[in-house]
Amino acid sequence: MSKFNENVFNATNLTVRKREKLFRERNLDSLRERAVAKRTTSLENAQSLWETTAEQFRANGITVFFADTVSSANRFISDNMGESKLIVKGKSLTTEEMELRQVLERAGREVVETDLGEWIIQQRNELPSHFTAPAIHLSAGDVAEMINHKFGENLPPEAHALTAFARRHLREKFKCADAGIIGANAICADPATVLAVSNEGNVSLSARLPEKLFIVTGWDRIYDSIEGMEGVQRLLSGSATAQEYTSYVDFFRKPLPHQQAFLVVLDNGRKALMASEFSEGARCIRCGACLNICPVYEEVGGHTFGKVYHGGIGALLTAFTGKGRDASSIASYCLRCKTCEPSCPMGIPIADLVAQLSESYPLPFYLSLPLKILGRNMGVVSGRGQQNSGSKSASESASGSGVCSDSNSNPAPASREAVFIGCAFRNPLMKKERKEIESALSRFFPNAEILDSGCCGMPHFYKGQLSAANDRLESIRKMFNPYDRIFLPCSSGFAYLREYLGDKIQLMSVAMAETAGKIDSDIPVFYHQPCHLKTGPGTSEKADLNQVIPFSEWENENRCCGSGGTYFLQHPRISRKILSRKETGMDGKFTIVTSCPSCLLQLRRVFGKARVVHSVSFMSESAHGKERRFFTAYQAAAGEEQKGT
Ligand code: SF4
Ligand code: SF4
C-alpha cells in the first residue's frame, strides 16, 4: 500500500527548483552531450578498461576482486575483514543492493553508516528512500524522536542540534574503527583512480582512518580517462543536489602506509544490462534527478517501490540486478509520462525502456482486454472534411457499413492531407469533442481526408504489448503513405507517431492556430501541458497556441495530472493524489485547454466538464464566431456544475 509523504513532496520540489536554476545559470545542459558520449564509449570498452585498471591498482598495492554475484562479493569482503569488529561505512547503493551491512552484522560485526541520512535510516531499520537522500521521507521531528527514544536524549527538532549529536556519536566510531567501506562514483582506468564525491567528510574519514579499506563499486562505474570526467561529475552534483560541486571529492590511487586496501567490482547483472537492448539504462549515474521530478515518486517516496532502486529507472536496474517480479511491481508504478527524461543528465529514455521491459510482465485483464480491442483495425474510411462537415461522421459510416479497408484498396486521395482521428475520440465520453473535430475540418482543413481506423498503437507500446504496437504502426504507416501531412487532435498519438513517421505528423491544434483569428476571453484560460509534449517537437504547443489564445499564467500548467491513460485504474489513489496538485490555487471561473484526451478526462474529474476543453474544440467554436456563446455557455455550465463530477 502506497503511503503519501509530504516531506518527500516538499524536498523533491525544492531540489527541482534549485536544479533548474543552477542548470540555467551555469548552462550545465551544454555538458550533457559530451558526458553521454564519454559514458557510452567507456561502457562499450569496459572489459579492456577494467583489465588496465586492475593491473595498475594491483601494482599500486590494492587487491582487486571481480565479483560475478552478490554472494561472491559479500563472501570476499567477509573473508578479508579478518578480526575487524567495528566497521565504518560510507553511503553506497551498490552495498545496499548487496545487503552488505546486514551480512556483516549477522557475522557479529558492528557496522556503522556514517552518512547522516544513512545513519538515520540504519537506526530506524529502513531501506534508503532515495538514491542520494536516503532519509528524504523524514522530517526533523521524526529524526529528533528517533534519537531521543534510542539514545535517551532530549533534542529539539532542529537540524543543527540533531547533526551535532550525530557528529559526536560518529566521531567516536571513526576513532575506533578497524575497517572502512566506501562506494565509488567513478573509476578512471588510466591513471587508475577511484573517485568518490560526498558532502559530509565521512567518506574521507571512513577511507583513511581504519587499517583496512574496502572500496565497493559496480562494473558500470568505469571511465577511460580523467579527461571529460569532470563534466560527468558536475552533472552528477548538479542533478543530485543542485550543487555545482559537492563539498568533498576524494581520490584514491593506493593504500595509505598503514593500510590494506581492496577494490571489489560487482557485476550482478550489469554486464547483461550493458549487452541488452536496454543498454542505454547502463549509463545511469544514480543521481536521482528522475526521482525528484517524477510525479509518482514525489507523492509516495522510495519505500513504496519496496527495493533499493526506485522509479522508472529502478524497474530497469532491479530487472537486471534483482528479481523479475520486483521489477514488474516497480514498473507498474511508472506512468510512462516521460516527465523525468529532460532531467536525466545521461539522456536515458526511461519511459520507453520501462515500456519495453514490461513486455515480459503480465497485464491485468482490465487493461489487456481493451488493448486487444483497440489493436484491431476499426475500418478505414476516408472522406473529405468539407463534405462530411455536419453530416454523418466517417467512423459512423464505417461502423454502419462494416467496411474495413486499407490504403491499398482506397482510391488515391485528391488531397495530400488527412486528419487521423485516433481511438480516444471513439470514446462515448468524447462524443462532443469528436463532433467539434469534424466541424473544424470545413474551416481549417477543407481538403483533408478523415482517417478513422482506431488506435495508433501508443497505448500498446507503453503497456509493453510491443508486437501489437508494431502491428498498429505498420498498418498506420501504410495508411498514411499517400499523404504529405497528417494532423492529429490527440497530443499523445502525435508525440508517439512523430517519433516513427517524422514531421509529416502534425499537431492539429498547432495547425489550426496558424490560421485562426485571435480569441478573446473574459475569464482566465489556462494551458495544461500533456506530459508527452514535454520532449520533442510538441514542446512549443503552448507558444504556438498563445498566438491566438490569450493564456493566463498557471504555475501548475506543466505538472502531470496523473492520468497516464489508464493509470487511474491501476493505482487510483496515487493517480488521484497527483491530480489533486493541479487544484492548488484554482478557484472561480476559468477554462483549461489541453490537447490530450486522456488528460482532459482526468482533469474533468476535479474541475468538471465545462471547465476543461480540448484545444481543437476551443478553436473550432471560436472560429465559427461563437466566442460569446461559447464562453457564456461554458461559464454558465461551470457555475452550475459541481466540482469533481
Ligand atoms: S516516466 Fe513518469 S512516472 Fe515513469 S519514472 Fe519517469 S516521471 Fe516517473
Ligand atoms: S536515470 Fe538519469 S536521472 Fe535517473 S538516476 Fe539515472 S542518470 Fe540520474
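How many nonpolar, polar and charged residues does the shell around ligand 2 have? By class, that shell has 12 nonpolar, 3 polar and 1 charged residues. The structure described here is a predicted model.

## The two ligand shells

Ligand 2 is surrounded by 16 residues, of which Cys284, Cys287, Cys290, Ile313 and Cys344 come nearest. Its shell is made up of 12 nonpolar residues, 3 polar residues and 1 charged residue.

Around ligand 1 there are 14 residues, and those that come nearest are Cys294, Gly312, Cys334, Cys337 and Cys340. Two elements give two or more residues to this shell, namely helix 15 and helix 17 (350–357). Divided by class, the shell around ligand 1 has 9 nonpolar, 3 polar and 2 charged residues.

## Helix 15 and helix 16

Helix 15, which contributes to the shell around ligand 1, spans residues 311–321. Its axis and that of helix 16 (residues 324–332) come within 8 Å and cross at roughly 175 degrees. Because angles over 145 degrees count as roughly antiparallel, helix 15 is roughly antiparallel to helix 16.

On the side of helix 15, the contact is made by Gly314, Ala315, Thr318 and Ala319. Helix 16 supplies Gly324, Asp326, Ala327, Ile330 and Ala331. The contact of the two helices comprises 5 nonpolar, 3 polar and 1 charged residues.

## The two domains

The protein is divided into domain 1, covering 279–365, and domain 2, covering 371–640. Where they meet, 19 residues of domain 1 are in contact with 18 residues of domain 2.

On the side of domain 1 that touches domain 2, the elements giving two or more residues are helix 14 (297–300) and helix 17. Helix 17 is also one of the elements that give two or more residues to the shell around ligand 1. The residues on this side of domain 1 divide into 10 nonpolar, 4 polar and 5 charged.

## Helix 8 and helix 9

The axes of helix 8 (residues 140–151) and helix 9 (residues 159–176) come within 10 Å and cross at roughly 40 degrees. The two helices are therefore oblique to each other. The crossing in which helix 8 passes helix 9 is left-handed.

Helix 8 takes part in the contact through Ala140, Val143, Ala144 and Ile147, and helix 9 through Ala159, Leu162 and Phe165. The residues of this contact comprise 7 nonpolar, no polar and no charged.

## Helix 1 and helix 11

Helix 1 (residues 6–26) packs with helix 11 (residues 229–241) at an angle of about 145 degrees, and their axes are 7 Å apart. In helix 1, the residues Thr15, Arg19, Leu22 and Phe23 meet Gly238, Ser239 and Thr241 of helix 11. By class, the contact of helix 1 with helix 11 divides into 2 nonpolar, 4 polar and 1 charged residues.

## Local backbone features

Two loops contain backbone features to be noted. The peptide bond from Asp190 to Pro191 is cis, with omega near 0 degrees. Pro191 is placed in the loop between strand 5 (186–190) and strand 6 (193–198).

At Glu99, phi is near 55 degrees, a positive value in a residue other than glycine. Glu99 lies in the loop between helix 5 (93–98) and helix 6 (100–106).

Notes. Residues numbered from 1 in each chain as written. Chains lettered and ligands numbered in written order. Predicted model: local features only at pLDDT ≥ 70, side-chain atom pairs only at ≥ 80, totals over all residues. Axes fitted to C-alpha atoms, helices over the stretch in contact; angles between N-to-C directions. Helix = DSSP H or I, 4+ residues; strand = E, 2+ residues; numbered from the N terminus. Parallel < 35°, antiparallel > 145°, perpendicular 65-115°, else oblique. Contact = placed C-beta atoms within 7 Å. Nonpolar A, V, L, I, M, F, W, Y, C, P; charged D, E, K, R; others polar. Near = placed C-beta within 6 Å. Left-handed = near helix turned anticlockwise from the far one by under 90°. Domains from an automatic or database assignment.
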